[in-house]
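Please take a moment to look over the structure before reading on, turning it slowly so that you can follow the chains.

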Amino acid sequence: MKMTGAEIVIRSLQEEGVRFVFGYPGGAVLHIYDALFQINQAEPEREIRHVLVRHEQAAVHAADGYARATGEVGVALVTSGPGATNAVTGIATAYMDSIPVVILSGQVPTPVIGQDAFQEVDTVGITRPCVKHNFLVKSVDQLAETIKKAFHIARTGRPGPVLIDIPKDVTAQLAEFHYPKSLAMRSYNPVVKGHPGQIRKAANALLKAKRPMIYTGGGVILGNAAPELRALVKKLGYPIVQTLMGLGAFPGSDRQFLGMPGMHGTYEANMALHYCDVLLAVGARFDDRVVGNVDHFLQEPRTIIHIDVDPSSISKRVPVDIPIVGDVKAVLADLLAALEALDETPDQAALSSWWEQIEAWRARKCLAYTNSSEVIKPQFVIEKLWEVTKGEAIITSDVGQHQMWAAQYYRFDAPRRWLNSGGLGTMGVGLPYAMGAKLAFPEMPVVCVTGEASIQMCIQELSTCKQFRLPIKIVNLNNRYLGMVRQWQELFYSGRYSESYMDSLPDFAALARSYGHVGIRVDRPSDVEAALREAFTTHRDELVFLDFQIDPRENVYPMVQGGKGLTEMILGAEEL
Amino acid sequence: MRHVIALLVENESGALSRIAGLFSARGYNIESLTVAPTEDPTLSRMTIVTTGSDEVIEQITKQLNKLIDTVKVTDISEAPHIERELMMVKVRATGADREEMKRLADIFRARIIDVTDTTYVIELTGNQGKLDAFLAAITPGLILETVRSGVCGIARGERILKA
């Protein structure tokens, strides 16, 4: 039986097992929305739930958040022109963090492409640098196979966003629907198994280490390799650091975890990363925010083993001695087997003196802060949040000081519980990420840790949260400043606070109430815990906006300044 | 260091802009780029001449490989290979210069492929050095127009780039 291109789109999404589509209708996608309506009505048991956002940026962020929380491909649907351009920030955010998302964008009909038609933009051209791949579907006959390819490309290898641009006339054309069962692409075959010889070399190097270090990133979470990583770290007894994107793959409350490395990493993490002699990097990319000054990092000799699914991540910023290209889950399993086969154990004497050194670094207690009974300290709010949620919530954040405090003080014990924009650093992701996570896991507490500046970048989504009854808890660390900008201006611009103070802020609690939610303003440290408990008990089934008035002068420490080496940290204000 | 990278890509619209975009987005040099379909019309072959340190060239080949449309990438300048470029030069050919141009074309084994009372179009194939030498040999004022194809390259012997 023939069906329209629009029906083919919806049927293909069904074939992919899609449960949610985040989107916003418009002229070029009206056929698709009509097909969604009709098919959902005819087959309520196979419903693809459409979540109507209030801005297309949030559609992609929410699909991205859903993907981060579940590991499945997130799906967004936007119209042509401004629908597509609004989606670009979301797409670039997903691209930088390698998140599998499929974006369907409407396009003007093929006969008028290139004629500056109403709501026409070269979507494929605009998004090309920030997608893993994109397609313009020129004929309905290619539609189903293109969608199949898009999902395959998005979720395999190093994942990433894939955009499909669909002209309106293609969604009206008729074709037979055959969803391909499998795909063969001669130009795209990501490596899964690591090279056995390289894995043996890595196992040998790890066992010979005197000062070993394991450094993991978002790739471990994307590759669902947390169990293998835990087994490896436990087997070896080595210390581990996890990047901002990698938190939770190994339990944050375990003694072997030294914290996050890098610009706002812990003292022990940065010192150990710098002074180790064998470094096993897994699904991490030696980002500038992680290794600081590369030349300084390379002054200290060490053997680097690097496991990554993307060959271009290896030796990109730091030369690697033992590269292993492959899926992290498969490679870690093989590495464990290789270690078993070697029948050797690590040098225990060397290892215990290395741990002694690490404990001495840890004893500096770099995350200690001076609490106050007068003014709310942001670190205190996060610690209380951890207590109240027993460390089991899904935490999303926006970008800035609050993001770093959440990463430092909320100990993530499981993967996919910490969703934030690490690569692109997109303010505004927190609330839509929370929406995606809450839809995926309605029974789990989902908290958006944000600031008064970030939250305003997607605050319109409070309306979406009301429509879809998403009882997210928003923890607004309100310091009336663009906090991270203010911190840099204080430290590096002699306190010239150029445009970092936000005058005329709304009454967030009242604003939340006007959207139909619960709004609570908290001014005193003594009220912090009670307010949090109220949000999770009395208002369990409601969205609660907690507006914490925090100390506007608080800075994020430790800090490695841009251009400095990892060992050149500022541990606190007293060192300035 | 100068490198000649040969690649096979799916003959899809947009493949060229993906590659050109990659070079500009990552700040890689591009000296010349040629592209045309192969004997298999679903594949295009490109030759890219670029310069960079070993690390940069390694990244270029990895990044090219990462593109979904890329089927094969090889740095053919790593081993014996042949480079050729086609050039057409339109020159002023009047008076004594007319005979001189003919002689010069013969010396370089070039061919005159268009003749008018006042001009010749001379076709010349060779490596970049030969083409440059030919242009240097012509009195500058006599060159009216030049067009060069950019470099095409192929490995010698049994090294074969195939999908």
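The paragraphs below go from the interior of the model to two helices and then to the contacts between its parts.

This is a predicted model, in which local features need pLDDT of at least 70 and side-chain atom pairs count only at pLDDT 80 or more, while totals for chains, interfaces and linings use all residues. Residues are numbered from 1 along each chain as its sequence is written, and chains are lettered from A and ligands numbered from 1 in the order in which they are written.

We begin with the interior. A nonpolar core is a set of buried Ala, Val, Leu, Ile, Met, Phe, Trp, Tyr and Cys residues joined through C-beta atoms within 7 Å, where buried means that 20 or more other C-beta atoms, placed from the backbone, lie within 10 Å of a residue's own (exposed means 12 or fewer, and partly exposed lies in between). The largest such core has 212 residues, and the members that touch the most others are A:Ala59, A:Ala76, A:Val101 and A:Val102. Its largest share, eight residues, comes from helix H3 (residues 56-70) of chain A; helices (H or I, at least four residues) and strands (E, at least two) are DSSP runs, numbered from the N terminus.

Next, consider helix H10 (residues 226-236) of chain A, in which A:Ala226, A:Glu228, A:Leu229, A:Leu232, A:Val233 and A:Leu236 are buried. Seen down the axis of H10(A), these buried residues fall within an arc of 160° (the arc of the directions from the helix axis to the C-beta atoms), so they line one face of the helix. Just after H10(A), A:Gly237 takes a positive phi of about 75°.

Helix H15 (residues 348-362) of chain A can be treated in a similar way. In H15(A), A:Trp354, A:Ile358 and A:Arg362 are buried, and because they fall within an arc of 85° when seen down the axis, they line one face of the helix. On the other side of H15(A), A:Ala349, A:Ser352, A:Glu356, A:Glu359 and A:Ala360 are exposed.

Finally, we turn to contacts between parts, where two residues are in contact if their C-beta atoms, placed from the backbone, lie within 7 Å. Between the chains, 13 residues of chain A are in contact with 16 residues of chain B. Chain B itself is divided into domain 1 (2-78) and domain 2 (82-152), with bounds that come from an automatic or database domain assignment. The C-alpha centres of these two domains of chain B lie 29 Å apart, and six residues of domain 1 are in contact with five residues of domain 2.
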